[in-house]
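Work through the exercises below with the sequence and the model side by side. Try each task before reading its solution.

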Amino acid sequence: MSLPSVRDIFRALEKVREAFKKTKSVHEALRYAPTSHEGLRVIAEEKLRLMGYKIVPRDEAPEWIKKIGSPDIVAVKGDEWIIAEVKPFPQLRRYAQSRAKVILVTDVDDGRRVEMWGIRQLEDP
């Protein structure tokens with residue numbers, strides 16, 4: 001079994017982007033993704049662009065962002081910076097399909113500064 005070439009991966013990610021732009025369906029777009037992580041990253045970038053943000057390459061991010069880590073997405077609109085970390089959670093997805101409310105607990109100091117996007121938020125205009 002051979003690994004896909006870098007060119008094949010970039011083509012697949014462009015198909016993800018185009019499918020999402022055309023259909024606004026995350027599930028449809030993810031059909032073309034080499035991994036759910038990469039597919040969700042491309043879709044989130046497109047959603048941020050639609051919201052007026054500019055996606056900034058990691059190596060062009062401000063020093064204060066570079067010092068805290070290597071986020072999946074860095075975006076800016078005016079003086080508002082977005083740091084996005086893409087995390088597919090199969091277990092969380094299963095829990096969310098139940099009738100119970102799901103609370104994601106992390107070790108951040110203030111959870112109000114963290115926003116969570118699921119499929120519906122990615123698809124909403």
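**Exercise 1. Check the length of helix 3 against the span expected for its number of residues.**

Solution. The model is a predicted one. Helix 3 covers residues 36-50, which is 15 residues. The expected span is 1.5 Å times one less than the number of residues. For helix 3 this gives 21 Å. The end C-alpha atoms of helix 3 are 21 Å apart, so the two values agree. Just after helix 3, Gly52 has a positive phi of about 95°.

**Exercise 2. Place helix 3 in the order of elements of the protein.**

Solution. The protein has six helices and three strands. Read from the N terminus, the order is α-α-α-β-α-β-β-α-α. The C-alpha trace spans about 45 × 45 × 35 Å along its principal axes.

**Exercise 3. Find which residues of helix 3 are buried, and what covers them.**

Solution. Start with the residues: Gly39, Leu40, Arg41, Val42, Ile43, Ala44, Glu45, Glu46, Lys47 and Leu48 are buried in helix 3. Next, look for the cover. It includes helix 1 (6-23), helix 2 (26-30) and helix 6 (119-123). Strand 1 (54-55), strand 2 (73-77) and strand 3 (80-84) are also among the covering elements. For the protein as a whole, buried residues make up 28% of the 125 residues.

**Exercise 4. Is Glu46 buried or exposed, and which residues does Glu46 touch?**

Solution. Glu46 lies in helix 3. A residue counts as buried under 20% relative accessible area. Glu46 has 6% relative accessibility, so Glu46 is buried. Leaving out residues up to four places away in sequence, Glu46 touches Arg17, Phe20 and Lys21.

**Exercise 5. Describe the largest nonpolar core and the contacts of Ile43.**

Solution. In soluble globular proteins, nonpolar side chains tend to be buried together. Here the largest nonpolar core has 19 residues. Those with the most contacts inside this core are Val16, Val26, Ala29, Ile43, Leu48, Ile73 and Leu122. Two or more residues each come from helix 1, helix 2, helix 3 and strand 2. Helix 3 gives the largest share, five residues. Now take Ile43: not counting residues up to four places away in sequence, Ile43 touches Val16, Phe20, Val26, Ala29, Leu30 and Leu122. Apart from this core lies another, of five residues, among them Val56, Ile65, Val74 and Val76.

**Exercise 6. Are Pro4 and Asp109 buried or exposed?**

Solution. A residue counts as exposed over 50% relative accessible area. Pro4 sits in the segment before helix 1. Its relative accessible area is 52%, so Pro4 is exposed. Asp109 is in the loop between helix 5 (90-96) and helix 6. With a relative accessible area of 85%, Asp109 is therefore exposed.

**Exercise 7. Set separation along the chain beside distance in space for Pro4 and Pro34, then for Asp109 and Arg49.**

Solution. Pro4 and Pro34 are 30 residues apart along the chain, and their C-alpha atoms are separated by 9.1 Å. Asp109 and Arg49 are 60 residues apart along the chain, and their C-alpha atoms are separated by 28 Å.

**Exercise 8. Describe the surface and the charges of the protein.**

Solution. The protein exposes about 9600 Å², and carbon and sulfur atoms supply 53% of this area. There are 24 positive and 20 negative side chains. The centres of these two sets lie 5 Å apart.

Note on methods. Residues are numbered from 1 along each chain as its sequence is written. This is a predicted model: local features need pLDDT of at least 70, side-chain atom pairs count only at pLDDT 80 or more; totals for chains, interfaces and linings use all residues. Side-chain values use heavy atoms; hydrogens and water are left out. Helices (H or I, at least four residues) and strands (E, at least two) are DSSP runs, numbered from the N terminus. Buried means under 20% relative accessible area, exposed over 50%, partly exposed in between (1.4 Å probe, protein chains only). Accessible areas come from the Shrake-Rupley method with a 1.4 Å probe; for residues, only the protein chains shown count as cover. Lys and Arg count as positive and Asp and Glu as negative; His and the chain ends are not counted. The place of a charge is taken as NZ of Lys, CZ of Arg, CG of Asp or CD of Glu. Contact means heavy atoms within 4.5 Å. A nonpolar core is a set of buried Ala, Val, Leu, Ile, Met, Phe, Trp, Tyr and Cys residues joined through side-chain atoms within 4.5 Å.
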